[in-house]
Amino acid sequence: MPDTPALMSGWVHIGGAVVLLLMVFLIRSYQQRIDEVRRLGSDLAQCDRELQVRQADCEQIITARREMEAALHEQQEFFRLIAESIGEHIAVLDLQGRRVYNSPSYRQFFGNARQLPGTDSFADVHPDDRERVRRVFYETVQTGVGQEIEYRLIRHDGSVRYMASVGKVIQDKDGQAVRVIVVAHDITDRKQAEQWERIAATAFESQQGMFITDAAGVILRVNQAFTEITGYSAEECIGQTPKLLSSGRHDAAFYAAIRHSLERQGSWQGEIWNRRKNAEIFPEWLTISAVTNNEGRVTHYVSTLADISLRKAAQEEIQQLAFYDALTRLPNRRLLQDRLRTAMAASARSGRQGALLFIDLDNFKTLNDTLGHDMGDCLLQQVAKRLLACVRDRDTVARLGGDEFVVMLADLDKQPQEAATQSRIVGEKILAALNRPYDLAGSEYHNTPSVGITLFGSQQDAVDELMKRADLAMYDAKATGRNTYRFFDPQMQAVVTARAALERDFREALQRQELFLCYQPQVDRAGRIVGAEALVRWRHPQRGLVSPAEFIALAEETGLILPLGLWVLETACAQTTVWAAQAGREEFTVSVNVSARQLRQPNFVEQVLGVLAKTAANPRNLKLELTESMLLDNVQEIIAKMTVLKKHGVGFSLDDFGTGYSSLSYLKRLPLDQLKIDRSFVRDLLSDPNDEAIARTIVALASNLGLEVIAEGVEGVEQRDVLATQGCHTYQGYLFSRPLPLAEFEAFLQAH
Ligand code: C2E
Ligand code: CA
Ligand code: CA
């Protein structure tokens, strides 16, 4: 108030009272103002105080806020670290599913492309799964309850991954949903493994039978197809080994080859015969694969088997059509030619002969024309059956067509003449079989065949050439008057015809008493007759004396050797009894030849003992001659038989010694008394140093083994002398005498 003193001085000059009044008024109001100011001052102080208080408050608030900010940051950092360090991917979405935050691992997982906040997170879900994911998301938002969901996600590079995620709703303080936090992880590997498992399971339950074993071959698992194929349920075979299925058709070598292949290559496949539960044997195609672990050790085997019986049957059906005659089911021309080629090659290798028999029915055309084709077919089928019954398993019966059949015989004798006889016997069998009446729809029918025969052996003929020969021979048989057989080779035919006649005659020789024994003396160093070999002879009514060389083999083939051998034994034993009773002949021995077939008879020992008893012969006067070839099979059994007879005193000589294959080891085991040096060595003793050496060796061998030795076929004095210097002191041969009929032999005995 700077104006107040100026106003007062003006009032003094102008008017006192007014001035005074004014002054009072002014003072008063001044006073009032002062009061007012004073009041204001105190108010101000009050305000100041309050301000100070407020300021303090403010500072407190600022501090608190800073603390809060720090705590929030810490929390955020904490949250970020958690989100980054756990394996899961974390996304925070708004309530429409738009991105608010993606954890770094999630961003990296997506391919590190920027995932802008505010973009639609559903856009990354595979279109096929998108709706479902969206629905679950909104349900979660609505209910506040998160649920686990699996879906496919497409990454920025386009790759598809399987995810599993669960959403949690974040609420504000009023309980209002504000955000959704999603925790997701990649389950692609698990999903793929599951898928593989499903594929494997589906594959395992395929059409093929499958089973899995452990390394030891114990079955762990089988599939349904396996059960259907084998008939064994899973329970029945788990814990067993595949031996359960073994058919017994394969040998140990077969299974060993499988094991070998598994060891070497880790797998095997091939055809195998197995047995079903119902005992039926069936062919299967089996594949076995080894499963190995990281170290390469086998842990399991997976086997797949396919029943190929049907395929095989079809194959066989095709084979049937291609190689077999539909009417008779016999091999056709093609198969026959095939087999013939094989047989010829085998024959060239082994030296064994084979034969081809061409068979044609006589008057078949008439039957066809008069009774019709059905009857013709019926006849052909019966012929086929009968032909099969005439041959061995390894032979082939084929039908060429019409009424033409061919029989192929393999593995016949090495000697063409013997082989001819064998095929002739089959030819005769066929003739007899096809001559029997046939039953054609209830009525009896007669038919005959004509048979042409040709042999094949070491010479390499063409298949066609052979067939032609057999065919020609068959025509020859027709020309000869049918119902007969003919050999292609006329010489062979002659031999065979003669032998056939001989055989027929020989069958009767025994009854007709045309057989008799000759005796050939056996002489010691001093010229004394110590024994004789009994040799059979046949006085043929027309042909005169027939040598055993001609009929013994025949007798062997026909089995007639058995009655013949028995007769020889009986006759010879009866004779020993006579001679042994004569003064000075107590030791006189008779040697009797025994054939292989005789010796093989199970009751041979009883037979010999029976004859000895019947003829009252002393076993010591009997010597049985065996040949080496007889001893080749079943030595054990032969030794047993010889041992029994030997105990009774019967002696044994090994005939034709040196021509066989005797090994020293079993010579020692045989209970022999004598070795008989074969005629062939004696024959060339003087001219062939080899034979001389052989003879000497045999003598030395006999003396080593403690056996007697005799030389057969001694024809000259020089031979005998050489043998004597070698140490052989018993002889048999023309030098002393030919084999003589009984009367002459006895005369010979008297003279010596
Ligand atoms: P083998 O047992 O080797 O009989 C000896 C053969 O040599 C006899 O022939 C005999 O006549 C003949 N031979 C004897 N000394 C001489 C000689 O100095 N020079 C020549 N070149 N030959 C001589 P054979 O009687 O014709 O008998 C032949 C074969 O028939 C016998 O050979 C024998 O294996 C068999 N055989 C004879 N009789 C019988 C028998 O009763 N039963 C059996 N199973 N076979 C018999
Ligand atoms: Ca003999
Ligand atoms: Ca001999």
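**Two bridged calcium sites and their surroundings**

E712 is buried, with a relative accessible area of 7% (buried means under 20%, exposed over 50% and partly exposed in between, for a 1.4 Å probe and protein chains only). The structure is a predicted model, in which local features need pLDDT of at least 70 and side-chain atom pairs count only at pLDDT 80 or more, while totals for chains, interfaces and linings use all residues. Residues are numbered from 1 along each chain as its sequence is written, chains are lettered from A and ligands numbered from 1 in the order in which they are written, and side-chain values use heavy atoms, with hydrogens and water left out.

E712 belongs to a calcium site. The calcium ion (ligand 3) has protein donors from D655 (OD), D656 (OD) and E712, the last of these listed twice through OE, at 2.2 to 2.5 Å (donors are N, O and S atoms within 2.8 Å of the metal, or 3.2 Å for Na, K and Ca; water is not among the atoms, so sites may look incomplete). Along the chain, the donors of the calcium ion (ligand 3) follow the spacing D-D-x55-E. D656 lies in strand β23 (residues 651-657) and E712 in the loop between β25 (708-711) and α24 (717-726), so this pair ties together parts that are 56 residues apart in sequence (helices, H or I of at least four residues, and strands, E of at least two, are DSSP runs numbered from the N terminus). Unlike the buried E712, D656 is partly exposed, with a relative accessible area of 25%.

A second calcium ion sits beside this one. D655 bridges the calcium ion (ligand 2) and the calcium ion (ligand 3), and the two ions lie 4.0 Å apart. The bridging residue, D655, counts as buried at 7% relative accessibility. For the calcium ion (ligand 2), the protein donors are E533 (OE), N593 (OD1), E625 (OE) and D655 (OD), found 2.2 to 2.3 Å from the ion. The spacing of these donor residues in sequence is E-x59-N-x31-E-x29-D. Here, too, distant parts of the chain are linked: N593 is in strand β21 (residues 589-593) and D655 in strand β23, 62 residues apart. N593 counts as partly exposed, at 29% relative accessibility.

Strand β21 also holds T589. T589 counts as buried, at 12% relative accessibility. Leaving aside neighbours within four places in sequence, T589 is in contact with Q522, V530, G531, A532, R620, N621 and K623 (contact means heavy atoms within 4.5 Å).

A helix pair comes next. Helix α19 (residues 604-615) and helix α20 (residues 635-647) pack at an angle of about 20 degrees, and their axes are 10 Å apart (axes are lines fitted to C-alpha atoms, for helices over the stretch in contact, and angles run from 0 to 180 degrees between N-to-C directions). This makes α19 roughly parallel to α20 (angles under 35 degrees count as roughly parallel, over 145 as roughly antiparallel, 65 to 115 as roughly perpendicular and the rest as oblique). The crossing of α19 past α20 is right-handed (the near helix is turned clockwise from the far one, whereas a left-handed crossing has it turned anticlockwise by less than a right angle). Where the two helices meet, F604, V605, V608 and L609 come from α19, and K641, V644 and L645 from α20.

On the scale of the whole chain, the domain assignment gives domain 1 (50-85), domain 2 (87-192), domain 3 (205-313), domain 4 (337-488) and domain 5 (513-751), with bounds taken from an automatic or database assignment. The C-alpha centres of domain 1 and domain 5 lie 135 Å apart.

Two buried residues elsewhere are worth a look. N223 is found in the loop between β7 (219-222) and α6 (224-230) and counts as buried at 1% relative accessibility. Not counting residues up to four places away in sequence, N223 touches F204, E205, S206, Q208, G209 and M210. N223 and S233 are 10 residues apart in sequence, with 9.0 Å between their C-alpha atoms. T304, in strand β10 (residues 298-307), is buried as well, with a relative accessible area of 16%. With the same neighbours left out, up to four places away in sequence, T304 touches Q208, G209, M210, W285, L286 and T287.

Finally, the backbone of one loop deserves mention. R482 lies in the loop between α14 (463-479) and β17 (485-487), and N483 is found in the loop between α14 and β17. Phi of R482 is near 65 degrees, a positive value in a residue other than glycine, and N483, also not a glycine, has a positive phi of about 50 degrees. R482 is partly exposed, with a relative accessible area of 36%, and N483 counts as partly exposed at 31%.
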